[in-house]
Structures are given as C-alpha cells and as structure tokens.
Amino acid sequence: MKYQEVYARSISEPAAFWGEAGEAIEWTKKWDKVLDDANKPFYRWFAGGELNTCYNALDYHVAEGRKDQVAIIYDSPVTDTVRKITYGELLEEVSVFAGALGGLGVAKGDTVIIYMPMIPQALTAMLACARIGAVHSVVFGGFAPNELAIRIDDAKPKVMISASCGIEGKKVLAYKPLLDEAIRIAAHKPEKCVIYQRPQVSAELAAGRDLDWKAFVQNAAPAPCVPVAATDPLYILYTSGTTGKPKGVMRDNGGHAVALKWSMRYIYDVQPGEVFWAASDVGWVVGHSYIVYAPLLYGCTTIVYEGKPVGTPDPGAFWRVISQHGVSVLFTAPTAFRAIKKEDPNGEYLKKYNIACLRYLFLAGERLDPDTYYWASDMLKIPVVDHWWQTETGWPIAANCMGIERFPIKAGSPTKPAPGYNVQIQDLDGKTLPNGQEGAVVIKLPLPPGCLPTLWKDDKRYLEYVMERPGYYMTGDGGRFDEDGYLYIMGRIDDVINVAGHRLSTGAMEEIVARHKDVAECAVLGADDQLKGQVPVGFVVLKAGVDRKPEEIIAELVQMVRNELGALACFKEAAVVKALPKTRSGKILRSTMRKIVDGKEYVVPSTIDDPAVLGFIEESAKTIGYGRK
Ligand code: COA
Ligand code: AMP
C-alpha cells in the first residue's frame, strides 16, 4: 500500500474512504450519510447511523471468541499489584456497573464526571456510561478542587464517580476531600457520588449522597447496550484554552469508533490480540483514545499502569512492564523518555530485561527533541515514531503511518499528515505558504471522523477554531513542511504550554496570580525545560506601596497556583519586576519575554513602549536561573 494513494483518496473522496472504514464497526442501524455537511462549518459523520461504543469494545469481542482473552492488565508497582481482566469479566463488570448507574436514574444523554486514579475501575466507569448512552467526562486526578468545580459547573453531572485515593509514586493522595471541596465550590451539585474505596485510604461517605462502589454494584442487574445516534456525544474532555475557562471537547460515538479502530491498523500497525500500552493517564486524551477505546475496539489487550517511568521503583520500570506482559507497541510522551535517560543514560536497566516483543515506540504530547529521539532509537533499535495530535482531534493528525508505508524517519518531524487531515501552512493573512516556509498550521475542513464536532454546549466557542480563517481549523501550532513534504511542528502560537506532556494554559495561571492582593499585573510564560519540555515562569509587578519581601509573595503565588490549578502545573518560579514590556497600545510582549527567558537572541520590537524594561526582565530572569548564561 502506498501512502500517497491512500492519503489522496482520503482527501478527494472522504465519504467513500471513511464509509469503507465504517464497515469495521457494528451498527444497530446503518448510516444514511457518511458525511453530513448541510450545516457548515459543523460537520457530522455517519449521520442517521446508530451504534453502541461499549458493544463494539466488549460484547462484540466476547461474541467473536475473545471472552477469555485478557482485555486489561492492571499493573501497579505502587501497590505491588498485577491483575488481569478478560473481555468476558470486563463485560460482566461493566454491565453490572451500568445497571447500577441506571438504577440511579442515569440515562441516555445524562452526564457523569469521573475523577479517578489509574485503576481499572476508571475504565469500568467510562465503558458503563457508554453502555447506557450517558456522557462521561473524566477529570485528571492531578487537578485541584477549583478546576474540578469549573468542570462540574460546565458538565452538570447527575452522578460523580471517584475513588478514596490516588497514589503518586510514594505519595498517597486522598481524593475524597478534593471531591467534597469541588462540590462545595461548584454551583451545580451532583445527586450522587459513587466512591471506590481503596485499601490505602478509607473515605468518609456523606449520608444520602455518597455510595460505596462495592455495595452499589452488589444487587444490580446487568444492563444491556443502549443504541445511540452516531452523532450523539460519547464523552466530554476538558482541555486548556488560552483563558481560565477550559474547553469541553465533545466526542461523538460513530466517527470516534470508526477513526480509532482504523488508526490501530494503519497508524500503529498492531494486530487484534496483541498487547498495546499507552503509558499515559485516563484523564488525558491519549488515555481516552489509546488506553481505553482504541485498543478495546480493536480487540487488543491494554495496560493500565499505575506508576511512573522512574522511581517506581527505578528507571527500568517501563522495560519490566514490556517484558513481563509482552507489549508490542508502547506509546508515551517524550518527557517520560527524558526522565529515563536522565537516570539511566547508558541503559543499564534495559540490559536486565528482554524486550524483543516490542515492535514500535510511538511518542506524542509535546515536541520530540532530536536528542531524545536518537537516544530512544539507539537504545531500543526499533522505529521510534513521533506523531502529532491534540485533544481536539482525538487521534494523530500527522504520523509515519506504520501500517500504510514506512517513510525514513527525520528527527524532529512527525513525518506526514495522516489520511483524512488536509494540513496546510498559512501566513498571517490566511495565504497558503509553500514548503520550506513557517506559519500557522491549519487543517482544511472537514476534519476527519473522530475529531471534535463542536464544544460541549458551546457552538459559539467552537467557531473560534474555524472562523478566524473560514474553511480551516486552526490547530494553534506553528510549523512548516520541508521540501519532501515532512511536517515540522515548532510549538504553540497561542498561550498554551506543555509541561511534562500535560497541556496547560498560562492565561489560567495569570488569572490566579493576578488575584493576589499585592499583584498589580503579571505575565506567565512557558520556559524551555530539559526534563519537562516546558515549565511556567511568572513575572509580577507589585502594587505601588507594597513593601513585603518578594520571596514571601512569590511563595504565596506558587501555593495559590498549586491550590487552585494543581501541582501538575509545576509553577515554581517567579520574579518581581518593575514593569512588563509592552507595546505602545499596551499589549504585553510575550514572545520577546519568552526569548529572553530561554536565553535566545531577540530583536527589540519597533512597537515597544519603553525598551529599558527589557533590561529589567533580562536581569530578573537571571535571578531565577533563566535567560542568557
Ligand atoms: N494526581 C495528583 N497529583 C499529580 C498527578 C495525579 N494524577 N499527576 C501529577 N501530580 C503531581 C505530582 O505528584 C507532582 O507534585 P509535586 O510537585 O508535589 O511533586 C506534580 O503534580 C508534577 O507532576 P509531574 O509533572 O508528573 O512531575 P514528576 O516530577 O512527578 O514526574 C515525569 C516527572 C516526567 C516522570 C512525569 O511527568 C511523567 O511521567 N510524565 C509523562 C507524562 C504523560 O504521560 N503525559 C500524558 C500525555 S501522553
Ligand atoms: P494535547 O491537547 O494535550 O494533546 O496537546 C496538544 C498540543 O501538544 C499540540 O497542539 C502541540 O502543541 C503539542 N504536541 C502534541 N504532540 C506533538 C508532537 N508530536 N510534536 C510537537 N508538538 C506536539
């Protein structure tokens, strides 16, 4: 199979292309139209079709003879547990949990928030929602109560599902107080909370509202699958935009199932029955797509890993999991490999394990720097495939599609657009640029199946993606094609940053910092970081007359971001400055500040109000370990 032919057809005949891919899914009612474009720029895939995603992920495989195949391997070095759950067992657990949810009155179209650590019950909860047509919204366990409250108010869940604790390396984090605090802050109150009690922490349950998971499922009758429209929502996943209000990316049922199942064969080149491991978290899009839905839709065994790449117990953790469970494909973020490389640069731990089963390493979530690429490639001696995507798309926009045609890898490039994505580079005026020139990376509409059809109950905000350049979806990334048509993603052109593969908004952090009583104004920027790719760094201007010690104020700011956004923000450094550099019209010169922080050459912008301010920024950047060395 040749990439060029497959790709060209996906762009010129999208309906025929995806209609064929749709045959791999079990429908309770076949679609009327593969691509419904009657209401542009809102596109709907498989309109008129009906299916159930959980049926396709579980019942179908049990019926096809995979009942005794392992569906989930729960590997938790932090609790010293390995548990294997077959497709048959998972179907039973999910059906019963779905029945119990139904007993609470949760029905098709209702929303459910899931705030869980990396335990198999998180998958049970997600699949149970899908089974009864409820819409789940998984919130990453590292988010603080305030962020969870924002999501509760937007998604308005009837029920919330959580656990008594999460385990982060050596730390046991009680989740229930966070959940209680979030519900206290939120205006919307869920009717019930189902809590999975883990042995490490016993959560106190609020009488009348909270239910113990085990008792909850005890007498429940298994629920059958409820057919839903292909265009009905399967889930909402909140992601960072440029402001403090996260965007509720909505995923439909039909297009999602078709695209993910297709991607397993053509992008990841796996076979049903093989072990596919996405070392991420169910709270992120990688977790939704490649820990839960894609591997199960395709009949693979997926791994739920409750551990870190290092420290649980050592930098050989990934190699241990791969050899113990026979992993064929590993997918993780470059930061995980940078962490392993830092602790074990010569791969001594790798020598202890036989990982001949591993055929590919896929990396995404942030830019794959060439050093990490070469290191991983030299260590593993298998294809190390960089691929680029976003929460919004749900599956890769660009990749070296291992199941179509393998291209020679160029370090620093995720290779070529995946079938279905008409990727172009445009200048500021929306003019398409030739290969070699850098600009905004856009995708010509329609986006392929699986991508967001809209934002949850916010069509207006969805239009921000597609109305700035009508007919195109703005990815928010900058980049270029080279002369061979390889795509290079150079980073975000908005205020979104990537910290250890976690997408965060500097705007959200600025909103928190600006709330401090002594702060007049502030800017938070993403600075280059050797381990985490980027980390946030703040510059604050204090109100006139404040004469407290700057260190004290900064310590308070760090604590505020930790409390309100979460420890995952890694906001640890800030400097007090006399002023922020601005244009004469008052716009903060963020890109110039970013260059200063990263110690790069910069040109003093002609629009600057007071060039002397740049000198203050250079000086204060140095005091916190950034800037030109
Ligand atoms: N629940 C609660 N807290 C969490 C959390 C969770 N699920 N995940 C992270 N945190 C906390 C951590 O405990 C840490 O807190 P601390 O400041 O008190 O130590 C903070 O958030 C930052 O966490 P992290 O960025 O994970 O840093 P780390 O130093 O613990 O680990 C890496 C560094 C590189 C090992 C780790 O970030 C990693 O494995 N990254 C891979 C990322 C990934 O899989 N991304 C998904 C996209 S594919
Ligand atoms: P998220 O929505 O959390 O998946 O983050 C999406 C963003 O991460 C993208 O817009 C990019 O900025 C960045 N990203 C993801 N994968 C890659 C990659 N392979 N190369 C460069 N940047 C990436």
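# Exercises: two ligand sites, some salt bridges and odd backbone spots

Leaving out residues up to four places away in sequence, T391 touches L237, T239, V249, R251, V285 and R503; contact here means heavy atoms within 4.5 Å. This is a predicted model, where local features need pLDDT of at least 70 and side-chain atom pairs count only at pLDDT 80 or more, while totals for chains, interfaces and linings use all residues. Residues are numbered from 1 along each chain as its sequence is written, chains are lettered from A and ligands numbered from 1 in the order in which they are written, and side-chain values use heavy atoms, with hydrogens and water left out.

**Exercise 1. Place T391: where is it, and is it buried or exposed?**

Step 1. Find the element. T391 sits in the loop between β20 (384-386) and β21 (398-399). Strands (E, at least two residues) and helices (H or I, at least four) are DSSP runs, numbered from the N terminus.

Step 2. Check the accessibility. T391 comes out at 10%, so it counts as buried. The cut-offs are under 20% relative accessible area for buried, over 50% for exposed and partly exposed in between (1.4 Å probe, protein chains only).

Step 3. Look for a polar partner. The T391 side chain makes a polar contact with the side chain of T239 at 3.5 Å. A polar contact is a pair of N or O atoms within 3.5 Å; within protein, one must be able to donate a hydrogen and the other to accept it, and residues adjacent in sequence count only if both atoms are side-chain atoms.

**Exercise 2. Describe the surroundings of ligand 2.**

Step 1. List the neighbours. There are 15 residues around ligand 2, and H387, T391, D477, R492 and R503 come nearest; a residue is near if one of its heavy atoms lies within 4 Å of the molecule.

Step 2. Sort the shell. You get four nonpolar, five polar and six charged residues. In this scheme Ala, Val, Leu, Ile, Met, Phe, Trp, Tyr, Cys and Pro are nonpolar, Asp, Glu, Lys and Arg are charged, and the others, Gly among them, are polar.

Step 3. Pick out close atom pairs. A side-chain N or O atom of D477 is 2.6 Å from an oxygen atom of ligand 2, and one of R503 is also 2.6 Å from a ligand 2 oxygen. From the backbone, an N or O atom of R367 lies 3.5 Å from a nitrogen atom of ligand 2.

Step 4. Add the cover. On its own, ligand 2 has 490 Å² of accessible area, and the protein covers 94% of it. Areas come from the Shrake-Rupley method with a 1.4 Å probe; for residues, only the protein chains shown count as cover.

**Exercise 3. Do the same for ligand 1.**

Step 1. This time 24 residues surround the ligand, the closest being E168, K171, K308, K532 and R562.

Step 2. The shell splits into 12 nonpolar, six polar and six charged residues.

Step 3. An oxygen atom of ligand 1 is 2.6 Å from a side-chain N or O atom of R562, and a polar side-chain atom of K171 lies 2.8 Å from a ligand 1 oxygen. The protein covers 83% of the 940 Å² that ligand 1 has on its own.

**Exercise 4. Which parts does the salt bridge between D75 and R320 tie together?**

Step 1. Confirm the pair. The closest N and O atoms of D75 and R320 are 2.6 Å apart, and a salt bridge needs a side-chain nitrogen of Lys or Arg within 4 Å of a carboxyl oxygen of Asp or Glu.

Step 2. Locate both ends. D75 lies in strand β4 (residues 70-76) and R320 in helix α11 (residues 317-325), so the pair joins parts that are 245 residues apart in sequence. D75 and R320 are both buried.

Step 3. Try a local pair. E147 and R151 form a salt bridge at 2.8 Å; they are four residues apart in helix α6 (residues 145-155), about one helical turn.

Step 4. Count. The model has 37 salt bridges by this rule, and K517, D518, R548, E552 and E556 are linked in a network of them.

**Exercise 5. Where are the cis peptide bonds and positive phi angles?**

Step 1. Recall the background: most residues other than glycine have a negative phi, and most peptide bonds are trans.

Step 2. Cis bonds, with omega about 0 degrees, join T312 to P313 and L445 to P446. P313 is in the loop between β17 (301-305) and α11.

Step 3. F46 has a positive phi of about 60 degrees and sits in strand β2. K156, at about 50 degrees, is in the loop between α6 and β8 (159-163).
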